[in-house]
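Me: Please take a close look at one part of this predicted model, the nonpolar core, and describe what surrounds it. Plain wording is fine.

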Amino acid sequence: MPDIDIAARESAVAYAEGFLLEDPVLRAARARAEEVGIVPVSPGAGAVLRFLAASVGARAVVEIGTGTGVSGTWLLRGMRPDGTLTTIDVEAEHLRLARRIYADAGMAPGRSRLITGRALEVLPRLTDGAYDLVFCDADRRESTEYLTQALRLLRPGGVVAFAGVLAGGQTTDPSARSPDVTAVRELATAVRDDARLTQMLLTTGDGLLVAVVAKSSPVG
């Protein structure tokens with residue numbers, strides 16, 4: 001195998017991340033995220049989310065971790081025009097900022113349902129099998145529980161996606177054993193080993209773990 005040119009690879013990754021430029025609305029949402037101490041998905045990861053929403057013709061999406069509306073805006077732009085995004089965050093201020101961003105992006109108020117609360121208290125109240133896509137970008141220590149809820153909420157052929165699974169490179173570092181990193185590793189194993197899922201791990205952003213739910217139960 002030829003030697004890997006690290007500088008060239010980093011340049012290629014930067015090119016891919018910036019392939020689709022964010023408009024003023026998304027840049028404003030990203031700036032507000034920085035102000036309140038949130039790290040939103042990268043532009044590249046946002047583009048993947050939009051692509052996933054469009055590819056499944058998403059009409060109903062659940063987002064765990066609203067932030068200031070960066071990922072939600074990407075999702076809404078990929079969803080069907082009559083689609084609704086249900087987004088959950090523990091911080092009411094984050095939801096207020098996201099609502100404003102959605103409006104600035106030209107989204108009708110009825111296209112988003114913003115819920116304040118802990119995801120694990122809200123998700124059980126949502127309808128089984130009624131969603132096309134579930135996106136998770138919240139408490140890493142609750143990731144496997146989010147997965148359990150997502151598999152209940154998704155229709156056959158639906159998609160679940162988790163952001164931040166590389167944890168800044170710590171996931172692959174054997175010496176890194178924080179609760180967050182341990183939880184991410186457990187999530188990755190659970191997704192990889194679930195026979196109901198067709199999965200892949202993208203290096204986009206800080207890692208995006210994506211899986212499609214089987215349209216029929218596996219035999220045996």
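**The core and its surroundings**

Reply: In this predicted model, the largest nonpolar core has 32 residues, and L133 and F135 have the most contacts inside it. Several elements each supply at least two residues of this core: the helices α2 (24–35), α3 (43–55), α4 (70–78) and α5 (92–104), together with the strands β4 (131–136), β5 and β7 (208–213). Helix α3 gives the most to this core, with six residues.

F135 is a useful place to look from. Leaving aside its neighbours within four places in sequence, F135 is in contact with V41, L49, V62, E63, I64, S71, L75, A161, A163 and L208. Apart from this core lies another one, of 29 residues. Among the residues of that other core are I64, V134, L151 and F162. I64 is thus named twice here: as a contact of F135 and as a member of the other core.

The chain around these cores has eight helices and seven strands. Buried residues make up 47% of its 220 residues. Of the contacts in the chain with a separation of 6 or more, 70% are between residues 24 or more positions apart. For 220 residues, a compact globule would have a radius of gyration near 17 Å, and the chain agrees because its value is 17 Å. Taken along the principal axes, the box filled by the C-alpha atoms is roughly 55 × 50 × 30 Å.

Two single residues can be added to the picture. S112 lies in strand β3 (residues 112–116). With a relative accessible area of 16%, S112 counts as buried, because buried means under 20%. Not counting residues up to four places away in sequence, S112 touches T84, L85 and Y102. The other residue is A167, whose place is in the loop between β5 (154–163) and α8 (179–193). A167 is not a glycine, yet its phi is positive, at about 50°.

As for the outside, the accessible surface of the chain comes to about 11200 Å², and 56% of that belongs to carbon and sulfur atoms. The chain has 24 positive and 27 negative side chains. The centres of these two sets lie 7 Å apart.

Technical notes. Residues are numbered from 1 along each chain as its sequence is written. This is a predicted model: local features need pLDDT of at least 70, side-chain atom pairs count only at pLDDT 80 or more; totals for chains, interfaces and linings use all residues. Side-chain values use heavy atoms; hydrogens and water are left out. Helices (H or I, at least four residues) and strands (E, at least two) are DSSP runs, numbered from the N terminus. The radius of gyration is taken over C-alpha atoms; the globule rule is 2.2 Å times the number of residues to the power 0.38. Buried means under 20% relative accessible area, exposed over 50%, partly exposed in between (1.4 Å probe, protein chains only). Contact means heavy atoms within 4.5 Å. Accessible areas come from the Shrake-Rupley method with a 1.4 Å probe; for residues, only the protein chains shown count as cover. Lys and Arg count as positive and Asp and Glu as negative; His and the chain ends are not counted. The place of a charge is taken as NZ of Lys, CZ of Arg, CG of Asp or CD of Glu. A nonpolar core is a set of buried Ala, Val, Leu, Ile, Met, Phe, Trp, Tyr and Cys residues joined through side-chain atoms within 4.5 Å.
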